[in-house]
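Here is a short set of exercises to work through at your own pace. Try each task on the viewer before you read the solution.

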Amino acid sequence: MLQQILRDMYIDPELLAELNEEQKQILFYKMREEQLRRWREREEKARMEEAVLRKTARRKQSNSKRVQWLRGKDGEVWVWVMGEAPGDKPYEQISEELIAERARQQAQKEAEELWRQKEAEITKKFRDAMAQEKARIVAEKWKIEMEDRKAAKLEEEKIQEELKKREEEERQRGEELIRQQEEIRAQELYLSLKQAQQHSQHSDHDQEWEEQLRRSKAADEERSHQARRARDEYRRQSLRAIQKGRVAGLSHLFQGTNLSTDQEIKLNDNSTTALLSPAAKSSAIWERPARPFSRDLIVRWFKEEQLPRRAGLERNTNRIAPWFHGIISRQEAEELLMNKSEGAFLVRVSEKIWGYALSYRQQNGFKHFLVDASGDFYSFLGVDPNRHPTLTDLIDFHKEEIITSSGGELLLEPCGQQKNPPDYSPLFE
């Protein structure tokens, strides 16, 4: 599985979600190593191709195209500097015009906004005054006889004309005031922008740039720390495997320990014998797909490939190990471990890869480690470079040796079954 990930440089999102942070960091480290190796190969290949092209170019140099620079009267390369050629505006004049235009546009924008507010105030003021006056006239004249209504109407129109005239005068005064404020504001903005430009020319670093630089450096340091921790973990585990001498580094070292598919598991224990039926024997040619896509396929894989290797069984007996579970979900595993103490663990058959998932109870939660069993060995995916000939060897190894240096996980207490029949029953039927 790991070789396939490194070959494709891709990991399925569902599979990535099954990995914890340590597994993700070390997997990233290994993928980065593979990227560097491929990059060095490409660079070497490109260098050789470039050398060949240079040799070929020397032979065809007489017919090759060339680029020639335009030269001036003095024989040097002709250069044009903006603002210094005849007819060009000086740089200072261009800068002054740009600043003045920016100040004018900003002042115009602010003046338009101020005028919208002023116009709304004037409209509201005279609308309310007209409504109040109309209400007063209606209230007073309602009592007058019908012949006086015409005079009341004429008076109302006269008052409305007077109010409109006052409103127009108020608008003109407001427009003049806004125009004066716009001119003053444009001059203020011009001076402010000019000072800001002069200040920026003398300052070494902009404050926003310094803040972005600080964040970038902090992120780089954090990534470097994570990568360094992943490298240290990878080296520590490799050295531990060499010193311990209990793990086979290459598959041919333990091929002799594998049982052939024609062998039948002999179980003397009565309860286990009932679970292991002759259906566990390999009856047909088994071709495993790249990924498991159904429970029936997982069950067949277990019977065809894992039972002959005594997966899930204790080392020297034919009893099923107390830590072994069937095809259960991460949530079900956490429910089983919920009331357990730190160091409790179980191994369940994975639905994501050809292998298993080790669920571990830590002090403040749970951790889940994928165990790759797609080859002729067992190893943690992305965390532990050690290869174990059997699943039981992997579990026994980490009863004495921690899984990761950052987490210090030791397998102390196996978490057994809580259901009857056990959840691994379909695997041994």
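The exercises below go from the whole chain to single residues.

The model is predicted, so local features need pLDDT of at least 70 and side-chain atom pairs count only at pLDDT 80 or more, while totals for chains, interfaces and linings use all residues. Residues are numbered from 1 along each chain as its sequence is written, and side-chain values use heavy atoms, with hydrogens and water left out.

**Exercise 1. Take stock of the whole protein.**

Step 1: Count the elements. There are 11 helices and five strands; these are DSSP runs (helices H or I, at least four residues; strands E, at least two), numbered from the N terminus.

Step 2: Look at burial. Of the 429 residues, 33% are buried, where buried means under 20% relative accessible area, exposed over 50% and partly exposed in between (1.4 Å probe, protein chains only).

Step 3: Look at the surface. The accessible surface is about 28,600 Å², and 50% of that belongs to carbon and sulfur atoms; the areas come from the Shrake-Rupley method with a 1.4 Å probe, and for residues only the protein chains shown count as cover.

**Exercise 2. Work out the strand order of the sheet and its pairings.**

Step 1: Set the order. The five strands form an open sheet in the order 4-3-2-1-5, with mixed pairing; two strands pair if DSSP finds at least two bridges between them.

Step 2: Find the edges. Strand 4 (379–380) and strand 5 (413–414) each pair on one side only.

Step 3: Start at strand 4. Strand 3 (residues 365–372) pairs with strand 4 in the antiparallel sense over two bridges, and Asp372 has Ser379 in strand 4 as its bridge partner.

Step 4: Move to strand 1. Strand 1 and strand 2 run antiparallel with five bridges, one pair being Val349 and Tyr356 of strand 2. A hairpin through five residues connects strand 1 to strand 2.

Step 5: Finish at strand 5. Strand 1 and strand 5 run parallel, joined by two bridges, and Phe345 has Pro414 in strand 5 as its bridge partner.

**Exercise 3. Which way do the residues of strand 1 point, and are they buried or exposed?**

Step 1: Recall the rule. In a regular strand the side chains alternate between the two faces of the sheet.

Step 2: Apply it here. Ala344, Leu346 and Arg348 point one way, while Phe345, Val347 and Val349 point the other way, and all are buried.

**Exercise 4. Place the helices around the sheet, and check a covered one.**

Step 1: Find helix 8. Helix 8 (residues 295–306) lies across strand 1 (344–349) and strand 2 (355–362), at about 100° to strand 2. Axes are lines fitted to C-alpha atoms, for helices over the stretch in contact, and angles run from 0 to 180 degrees between N-to-C directions.

Step 2: Add helix 9. Helix 9 (residues 330–337) packs on the sheet and touches strand 1, strand 2 and strand 3; contact means heavy atoms within 4.5 Å. The direction of helix 9 makes about 155° with that of strand 1.

Step 3: Check helix 10. In helix 10 (residues 391–400), eight of the 10 residues are buried, among them Leu394, Ile395 and Phe397.

**Exercise 5. Is Asp296 buried or exposed?**

Step 1: Locate the residue. Asp296 lies in helix 8.

Step 2: Read its accessibility. Asp296 counts as exposed because its relative accessibility is 66%.

Step 3: Look along the chain. Asp296 and Leu427 are 131 residues apart along the chain, and their C-alpha atoms are separated by 9.8 Å.
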